[in-house]
Amino acid sequence: MNTQNLTHSLQIDDYLDLLNYATRIEDEAWRQSIIEQMRTFIESPVQKQNLPARSDLWVRFDALNDELLELFKQLKEETDLKAKEYVTEQIWKLKYERVMISRQLESIVNAKNSTQ
């Protein structure tokens, strides 16, 4: 992963942490604000210029699915409440990342269709 992608990933992680906290304290206004900020960040022209290659996105998407399957198995078998909570948080992060990859793939398809 290059430095730019790592920075982008860390920024998304920060947004997700804030979103998780806003949800826990039940601050709906702040939660919606964070979601809108994430949307703006992800859809910014700079981010769109730096989209990874389509094949890289599909590889990551498949890897996420594999990770999610393992986490769901772990969640099912886990008995400790704190551990279940941690696994559940990881599942949500991976699901969000999968949605972002889907959007990037959609952007690539839309960009390709608009140039044809």
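What pattern does the protein follow when read along the sequence? Colour your view by secondary structure and trace the chain: this predicted model runs α-α-α-α-α. The count comes to 5 helices and 0 strands.

**Whole chain.** Start with everything selected. The protein has 116 residues, and 22% of them are buried. Now turn on contacts, keeping those with a separation of 6 or more: residues 24 or more positions apart account for 61% of these.

**Helix H2.** Next, select residues 28–43, which form H2. Put a distance marker between its end C-alpha atoms and you should read 22 Å. That agrees with expectation, because 16 residues at 1.5 Å a residue should also span 22 Å. Then show the side chains of Ile34, Met38, Phe41 and Ile42, which are buried in H2. Look down the axis: these residues cover an arc of only 90°, so they sit on the same side of H2.

**Second largest pocket.** Now bring up the second largest pocket, with a volume of about 530 Å³. To find its centre, select Leu16, Leu19, Asn20, Thr23 and Trp92, the closest to that point among the 20 lining residues.

Which helices each supply at least two residues of this lining? Highlight H1 (3–24), H2 (28–43) and H5 (81–115) to see them. H5 gives the most, with 9 residues.

Finally, colour the lining of this pocket by residue class. You will find 8 nonpolar, 3 polar and 9 charged residues, a mix to keep in view as you rotate the model.

Key
Residues are numbered from 1 along each chain as its sequence is written. This is a predicted model: local features need pLDDT of at least 70, side-chain atom pairs count only at pLDDT 80 or more; totals for chains, interfaces and linings use all residues. Side-chain values use heavy atoms; hydrogens and water are left out. On a 1 Å grid over the protein atoms alone, a cavity is a set of points where a 1.4 Å probe fits but cannot get out, and a pocket is an open set with protein on both sides within 12 Å along at least five of seven lines; lining residues have an atom within 4 Å of a point. Grid points are joined across faces, edges and corners, and a volume is the space filled by probe spheres set on the points. Helices (H or I, at least four residues) and strands (E, at least two) are DSSP runs, numbered from the N terminus. Ala, Val, Leu, Ile, Met, Phe, Trp, Tyr, Cys and Pro count as nonpolar, Asp, Glu, Lys and Arg as charged, and the others, Gly among them, as polar. The expected span of a helix is 1.5 Å times one less than its number of residues. Buried means under 20% relative accessible area, exposed over 50%, partly exposed in between (1.4 Å probe, protein chains only). The arc is that of the directions from the helix axis to the C-beta atoms. Contact means heavy atoms within 4.5 Å.
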